[in-house]
Amino acid sequence: MIRAWLELPPAGIFLTLAILYFGAIIALRILFFNSPLKRPMQSLHGIVAPFFGAVSVLFALLTGFLANDITDRSRQASHAIQTEAGELHNVYTLSIAALADMASIRDALKTYATSVTKDEWSAMEKGHESPHVSVAYDNLLKKISDPGIARSSGNAVHAALLNAAVRAGNARTERLAIASDHTNDLKWIVVIVLGLLTQISIALVHLERPRAMTAALVVFASAAVITLSLMAFQEYPFYGVFRLSPAPIVETIRVMGG
């Protein structure tokens, strides 16, 4: 359920949170002041704020941890893209500088890079890899692993080509791992529930002041909706408003004459 919510368009994410938190305000107002449970609820007055501060502190801490996880994952994803593009460019440069004719390697390299931008980027939005890219990468490694390259261009060039190709593959693996990572789903559930519990806490310490309760709840709900929405927009680095683009790899294709 939480994954389906995170995959909604930005407007859907924002509206869902707004309905949840502002709907909770209406529900609490009705429960405490306009329901058959009004009398037993009002008997709870006298609870002081410090006794319920722990809930808001937990909400703030876990929200901060979640935001840090999201930011760190986006940073790792961006690094993986830059590394992959850089290593592909290294393979291209080495193939040009080598004495041997490496046109077939450049063709395989261009096929791989083009397949990444056209096939795999859309697949990563769903948390999958593209089998076409895997085949293209295997073909690139096969051509670079040809022992004839070492004989015609030297062991140093051959080793540099292999190392660059392997590092590009490792960067792709990291990119795919981040795209398929859903470990934050449980954290999102905890943060959203703690937000609701914080609203209940605010209401319980304002039982004698209905207008003050409403004002405090509206302020908290506004902050929670805005903050959690902006965080949710960035939860998946390859999906949503703030998605990462394949621009570095596209630039490498352009350098190769694509």
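User: Happy to dig in with you! In this predicted model, at what angle do the axes of α5 and α11 cross?

Analyst: Good place to begin. The axes of α5 and α11 come within 8 Å. The handedness of this crossing is left-handed. As for the angle, the two axes cross at roughly 145°.

User: Which residues of α11 make the contact with α5?

Analyst: Let's take both sides in turn. From α5, the contact uses Ala113, Thr114, Val116, Thr117 and Trp121. The residues of this contact divide into 6 nonpolar, 2 polar and no charged. On the α11 side, the partners are Ile249, Val250 and Ile253.

User: Trp121 has a ring, too. Is the pair of Trp121 and Phe238 stacked or edge-to-face?

Analyst: Two values settle that. The ring centres of Trp121 and Phe238 are 5.5 Å apart, inside the 6.5 Å limit for a pair. Their planes stand at 90°, and over 60 degrees counts as edge-to-face. So the pair is edge-to-face.

User: How many residues apart in sequence are the parts that this pair ties together?

Analyst: It helps to place each ring. Trp121 lies in helix α5, while Phe238 sits in the loop between α10 (210-233) and α11 (247-255). The pair therefore ties together parts of the chain whose separation in sequence is 117 residues.

User: Are Trp121 and Phe238 buried or exposed?

Analyst: The cut-off for buried is under 20% relative accessible area. Trp121 has 7% relative accessibility, and Phe238 has 2%. Both values fall under that cut-off, so Trp121 and Phe238 count as buried.

User: How many aromatic pairs does the count come to, and which word describes the pair of Tyr112 and Tyr137?

Analyst: The count comes to 4 aromatic pairs. In the pair of Tyr112 and Tyr137, the ring centres are 5.7 Å apart and the planes are at 55°. That angle is neither under 30 degrees, for stacked, nor over 60, for edge-to-face. The pair is therefore tilted.

User: Which helices hold Tyr112 and Tyr137?

Analyst: This pair links distant parts of the chain, with Tyr112 and Tyr137 25 residues apart. Tyr112 is buried at 0% relative accessibility, and Tyr137 is buried as well, with a relative accessible area of 12%. Tyr112 belongs to helix α5 (residues 103-124), and Tyr137 to helix α6 (residues 131-144).

User: Is α6 roughly parallel or antiparallel to α8?

Analyst: Their axes are 10 Å apart, and the packing angle is about 165°. Angles over 145 degrees count as roughly antiparallel. That makes α6, relative to α8, roughly antiparallel.

User: Which residues of α6 meet α8?

Analyst: The crossing of α6 and α8 is left-handed. The α8 side offers His158, Leu161, Leu162, Ala165, Val166, Gly169 and Arg172. The contact residues divide into 8 nonpolar, 3 polar and 1 charged. From α6 come Val133, Ser134, Tyr137, Leu141 and Ile144.

User: Let's finish with two threonines. Is Thr198 buried or exposed?

Analyst: Thr198 is found in helix α9 (residues 185-204). Leaving aside residues up to four places away in sequence, Thr198 touches Val55, Ser56, Phe59 and Phe220. With a relative accessibility of 2%, Thr198 counts as buried.

User: What is the relative accessible area of Thr71?

Analyst: Thr71 has its place in helix α4 (residues 53-97). Its C-alpha atom is separated by 9.3 Å from that of Pro237, 166 residues apart along the chain. Thr71 is partly exposed, with a relative accessible area of 40%.

Key. Residues numbered from 1 in each chain as written. Predicted model: local features only at pLDDT ≥ 70, side-chain atom pairs only at ≥ 80, totals over all residues. Heavy atoms only, no water. Helix = DSSP H or I, 4+ residues; strand = E, 2+ residues; numbered from the N terminus. Buried < 20%, exposed > 50% of the residue type's maximum accessible area, 1.4 Å probe, protein only. Contact = heavy atoms within 4.5 Å. Phe/Tyr/Trp six-rings, centres within 6.5 Å; stacked < 30°, edge-to-face > 60°. Axes fitted to C-alpha atoms, helices over the stretch in contact; angles between N-to-C directions. Parallel < 35°, antiparallel > 145°, perpendicular 65-115°, else oblique. Left-handed = near helix turned anticlockwise from the far one by under 90°. Nonpolar A, V, L, I, M, F, W, Y, C, P; charged D, E, K, R; others polar.
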